[in-house]
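Suppose a learner and a teacher sit down with a fold in front of them and ask how its features should be read. Their conversation might run as follows.

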Amino acid sequence: MASSLVNPQEPPRQPAYPAPGRTATILIAEDHLHSRDALRALLEAFGYRVAVAVNGRQAVQLALDEAPDLILMDIMMPELDGLQATRELRLHQETRLTPIIAVTAMEGAQQLALQAGANDFVRKPIDIRGLVAKVHNWLSVPLA
C-alpha cells in the first residue's frame with residue numbers, strides 16, 4: 001500500500017458525505033474493551049458500519065486501509081496516543097480530510113486535540129445524545 005504524503009494543513013471544518021446509497025463507516029480507536037463495545041453497539045444501532053482499533057498504531061493503519069468516513073479517536077491509548085495518531089493521519093492524502101472526533105476524559109485535552117488536527121471533541125463520560133448529534137452532523141448529507 002503506497003500512501004501519498006502531503007503537507008499538514010488545517011483539517012476540514014465541513015461534514016463528510018458518504019456516497020449515495022452507501023452506509024457510512026466509522027472507525028472507533030479505543031483501547032478500553034467496554035467503551036469500545038458500547039460505542040460499537042450504539043453506532044451499529046444507528047446503521048453505521050464500524051471498524052475498531054485498539055491502539056493508535058492500529059488506528060492509523062486501519063484508517064489508511066479502510067478509508068472510514070469518520071474517526072472517533074481516544075486520546076490516551078497504548079503504542080501511539082490519539083494525538084500522535086491524529087497528526088499522522090493528517091499527513092496522508094487518504095485521511096487528511098477525514099473528520100476526527102477526539103474522545104477523552106483528560107482535562108485540557110480539547111485544545112491539544114484540535115491542535116493535533118481533530119475536527120471536534122467529546123468528553124468522557126460520553127453524553128450519548130451529544131455524541132450521536134456530532135456524528136450525524138459530520139456525516140449528514142446536505143439537503144438539495
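The dialogue below takes up the sheet, the cores, one helix, the backbone and the salt bridges in turn.

Q: Before we begin, what kind of model is this?
A: This is a predicted model, and the values that follow are to be read as computed from it.

Q: How should I read the sheet, and in which order do its strands lie?
A: The five strands form an open sheet in the order E2-E1-E3-E4-E5, with parallel pairing, and E2 and E5 are the edge strands, each of them pairing on one side only. From one strand to the next the twist averages 20°. As a local example, E1 and E2 pair in the parallel sense over five bridges, and Ala29 has Ala53 in E2 as its bridge partner.

Q: Which helices could I look at to see packing on the sheet, and which strands do they touch?
A: H3 packs on the sheet by touching E3 and E4, and its direction makes about 150° with that of E3. H4 likewise packs on the sheet, where it touches E4 and E5, and its direction makes about 150° with that of E5.

Q: How do I recognise the nonpolar core, and which residues have the most contacts inside it?
A: The general idea is that in soluble globular proteins nonpolar side chains tend to be buried together. Here the largest nonpolar core has 24 residues, and Leu27, Ile71, Met73, Leu89 and Ala113 are those with the most contacts inside it. The elements that give two or more residues to this core include strands E1 (25-29), E2 (49-53), E3 (70-74) and E4 (100-104), together with helices H2 (56-66), H3 (82-91) and H4 (109-116); H2 gives the most, with five residues. A second, separate core has 18 residues, among them Ala24, Ile28, Leu70 and Ile101.

Q: What does Ala113 touch, leaving aside its neighbours within four places in sequence?
A: With those neighbours set aside, Ala113 is in contact with Ile75, Leu83, Ala102, Ala118 and Phe121. A polar residue can be read in the same manner: Thr86, found in helix H3, counts as buried at 3% relative accessibility, and beyond its neighbours within four places it is in contact with Met73, Ile100, Ala116, Gly117 and Ala118.

Q: Which residues of H2 are buried, and what covers them?
A: In H2 the buried residues are Gly56, Ala59, Val60, Leu62, Ala63 and Leu64, and what covers the buried residues of this helix includes E1, E2, E3 and H3. At the N-terminal end of H2, Asn55 acts as the cap, with a side-chain oxygen 3.0 Å from the backbone nitrogen of Arg57.

Q: Where does the backbone depart from the usual pattern?
A: Most residues other than glycine have a negative phi, and most peptide bonds are trans. Ala67, in the loop between H2 and E3, has a positive phi near 50° and is partly exposed, with a relative accessible area of 48%. Glu79, in the loop between E3 and H3, has a positive phi near 70° and is exposed at 66%. The peptide bond from Lys124 to Pro125 is cis, with omega near -5°, and Pro125 lies in the loop between strand E5 (120-123) and helix H5 (128-139).

Q: How many salt bridges are found, and how should I tell a local one from one that links distant parts?
A: A search of the whole structure finds six salt bridges, and the separation in sequence is the thing to examine. Glu44 and Arg40 meet in a salt bridge at 3.4 Å, N to O, and because they are four residues apart in helix H1, about one helical turn separates them. Arg57 and Glu88 also meet in a salt bridge, at 3.4 Å, N to O, but this pair links distant parts of the chain, Arg57 being in helix H2 and Glu88 in helix H3, 31 residues apart.

Q: Is the salt bridge of Asp74 with Lys124 made by buried or exposed residues?
A: Asp74 counts as buried at 2% relative accessibility, and Lys124 is buried as well, with a relative accessible area of 19%. Their closest N and O atoms are 3.2 Å apart, and since Asp74 lies in strand E3 and Lys124 in the loop between E5 and H5, the pair ties together parts that are 50 residues apart in sequence. Salt bridges that share partners join Glu30, Asp74 and Lys124 into one network.

Technical notes. Residues numbered from 1 in each chain as written. Predicted model: local features only at pLDDT ≥ 70, side-chain atom pairs only at ≥ 80, totals over all residues. Heavy atoms only, no water. Core = buried A, V, L, I, M, F, W, Y, C linked by side-chain atoms within 4.5 Å. Buried < 20%, exposed > 50% of the residue type's maximum accessible area, 1.4 Å probe, protein only. Contact = heavy atoms within 4.5 Å. Polar contact = N/O pair within 3.5 Å; in protein donor to acceptor, adjacent residues only side chain to side chain. Pairing = 2+ DSSP bridges. Axes fitted to C-alpha atoms, helices over the stretch in contact; angles between N-to-C directions. Salt bridge = Lys/Arg side-chain N within 4 Å of Asp/Glu carboxyl O.
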